[in-house]
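Here is a friendly walk through one protein model, meant to be read with the structure open beside you. Please turn to the view below before reading on.

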Amino acid sequence: MFRLAQLSLRNRAVVALVSLGLLVGGALSMTSLKQELIPSLDVPMALVTATNPGVTNELMEQQLATPLETAIESVPGVDSVQVTSVNSAVFAIAEFEYGTDMDLANQKLTTAISKIAARLPSGVETNVLTGSMDDMPILQFAVNGADGAATADVGHLVNDVLVPRLSRLANVRSVDVTGYAAERVTVTPRPADLARFGVTLSQFNDLLSDYGLSLPAGTVADGGLTLSVQAGNALASADDLAGLPLAQSPDGGVVRVEDVADVTQAPAAATSYSRLDGANAVSVSITKTPAGNTVEVSETVRDTLEEMAGVLADAGLEATVVFDQAPMIERSIDGLSEEGLLGLGFAVVVILLFLFSVRSTLVSAVSIPLSLLAAFVALKGTGETLNILTLGGLTIAIGRVVDDAIVVIENIKRHLSYGEAKHDAIVGAVKEVGGAVASSTICT
């Protein structure tokens with residue numbers, strides 16, 4: 001370290017330019033760093049599920065769990081596999097080595113399971129799930145009315161108005177809606193009417209499956225244009241389905257679906273529930289892309305919700321943010337700034353009171369923020385983000401830099417008090433404490 005001190009003393013102009021470069025580069029890096037709650041981390045685990053309703057656990061263990069475990073263990077990079085059979089389902093947790101590309105691991109697991117599909121019982125459904133910290137929602141909000149009723153109409157408004165608008169925002173990966181039941185059309189044949197018009201149940205099912213499809217039927221030339229031809233029409237409502245023609249009646253009329261079956265449209269069975277202050281609500285979760293800045297995406301979503309507040313108010317609804325990572329991140333950054341300013345202020349006061357040297361005080365006042373700016377340049381260069389771990393490291397580093405500055409400057413001051421020349425005093429003082437300062441800093 002003392003050689004670095006000698007080099008700095010011989011090239012003061014270069015040191016000044018480097019410091020100026022760090023000042024500018026650090027300021028630019030600090031303002032452009034992505035802000036996250038936690039680092040982006042791929043969890044080296046995968047969950048494989050296999051379900052076969054109605055099969056006992058003993059059969060699931062014999063016919064499904066064992067071959068599934070064998071297939072997973074054959075995938076390269078798998079450290080361990082834990083398999084559990086319960087309620088006609090098998091859950092297998094595969095642990096991989098850290099650093100494994102989980103997207104590639106997902107593909108390999110899917111391929112391995114597909115190879116044994118022929119040996120699995122019929123009706124088995126398998127799924128492979130992997131995830132990372134980027135899958136965690138950055139913002140969640142709930143939509144409900146003044147009366148707390150979350151009807152299907154609320155869900156339709158959210159899906160038809162809010163979701164498309166939010167999905168188009170920059171760096172928004174997905175917008176997930178829960179807490180409402182989707183509409184379902186149910187067709188219930190009346191056997192007596194089917195028999196009266198001479199339509200069997202199988203014919204009824206076949207006719208229904210043939211209707212409501214829109215298929216390409218080739219092209220047709222019109223002048224200099226080539227137009228696509230489409231056959232059939234997609235069904236847009238329950239009434240369209242009820243009016244489909246099935247057959248010809250004995251009196252020469254047309255038998256329609258509504259003549260032989262009951263067609264009803266009603267909310268499907270709920271698969272999720274959402275509450276806001278104890279009242280029904282529709283919940284919306286926003287997930288960002290890995291390249292997105294959490295704080296920027298969150299602010300954009302909030303701005304969009306404010307713009308859409310009028311549309312929601314016209315429908316008697318209101319959107320309330322219930323979870324947001326951005327304020328936590330901003331508080332962490334504010335805390336770092338406060339700690340840094342306190343550290344700088346106390347260091348300046350201590351050095352000024354004990355050393356009675358304005359020059360030494362100025363050196364400390366410059367070195368502490370310059371060290372932080374250099375750290376910001378390093379974070380930017382390595383692609384890191386401002387998150388709980390990096391902010392915590394920087395906060396600890398501030399205390400370490402304060403200690404180092406006081407120790408080195410005090411020792412230089414002591415050597416100068418012996419009457420040594422300034423150059424010799426600086427080099428000698430740094431040489432004495434350089435090893436201890438470097439060791440303690442590296443250890444921290």
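Which side-chain oxygen reaches to within 3.0 Å of the backbone nitrogen of Leu 389 at the start of α14? It belongs to Asn 387. This is a polar contact, that is, a pair of N or O atoms within 3.5 Å; within protein, one must be able to donate a hydrogen and the other to accept it, and residues adjacent in sequence count only if both atoms are side-chain atoms.

A word on the ground rules. The model is predicted, with local features needing pLDDT of at least 70 and side-chain atom pairs counting only at pLDDT 80 or more, while totals for chains, interfaces and linings use all residues. Residues are numbered from 1 along each chain as its sequence is written, and side-chain values use heavy atoms, with hydrogens and water left out.

**Helix α14**

Helices (H or I, at least four residues) and strands (E, at least two) are DSSP runs, numbered from the N terminus. Helix α14 covers residues 388-417, and its 30 residues should span 44 Å at 1.5 Å a residue; the end C-alpha atoms are 44 Å apart, which agrees. The expected span is 1.5 Å times one less than the number of residues. After α14 comes Gly 419, with a positive phi near 90 degrees.

Among the buried residues of α14 are Leu 391, Leu 394, Ile 398, Val 402 and Ile 409. Here buried means under 20% relative accessible area, exposed over 50%, and partly exposed in between (1.4 Å probe, protein chains only). The buried residues of α14 pack against α12 (325-355), α13 (358-381) and α15 (422-443).

**Salt bridges**

The whole structure holds 8 salt bridges, each a side-chain nitrogen of Lys or Arg within 4 Å of a carboxyl oxygen of Asp or Glu. Three of them are listed here.

| Pair | N to O distance |
|---|---|
| Glu 36 and Lys 34 | 3.9 Å |
| Arg 400 and Asp 404 | 3.4 Å |
| Glu 432 and Arg 414 | 2.9 Å |

The Glu 432 and Arg 414 pair links distant parts of the chain, 18 residues apart, with Glu 432 in helix α15 and Arg 414 in helix α14. Glu 432 is partly exposed at 47% relative accessibility, and Arg 414 is partly exposed at 29%. Arg 400 and Asp 404 are both buried. They sit 4 residues apart in α14, so about one helical turn separates them.

**Around Asn 293 and Asp 324**

Lys 34, Glu 36 and Lys 288 are linked in a network of salt bridges. Asn 293 is in contact (heavy atoms within 4.5 Å) with these three residues and with Leu 33 and Gln 35, leaving aside neighbours within four places in sequence. Asn 293 lies in the loop between β15 (282-288) and α10 (294-307) and is buried, with a relative accessible area of 8%.

Asp 324, in strand β16 (residues 317-324), is buried at 9% relative accessibility. Its side chain makes a polar contact of 2.7 Å with that of Ser 298 and another of 2.7 Å with that of Arg 302.

**The largest pocket**

About 1,900 Å³ of space lies in the largest pocket. Its lining has 46 residues, of which Ser 8, Val 15, Val 363, Ser 367 and Val 408 lie nearest the centre. The elements giving two or more residues to this lining are α1 (2-10), α2 (12-32), α13, α14 and α15. A pocket is an open set of points on a 1 Å grid over the protein atoms alone, where a 1.4 Å probe fits, with protein on both sides within 12 Å along at least five of seven lines; lining residues have an atom within 4 Å of a point. Grid points are joined across faces, edges and corners, and a volume is the space filled by probe spheres set on the points.
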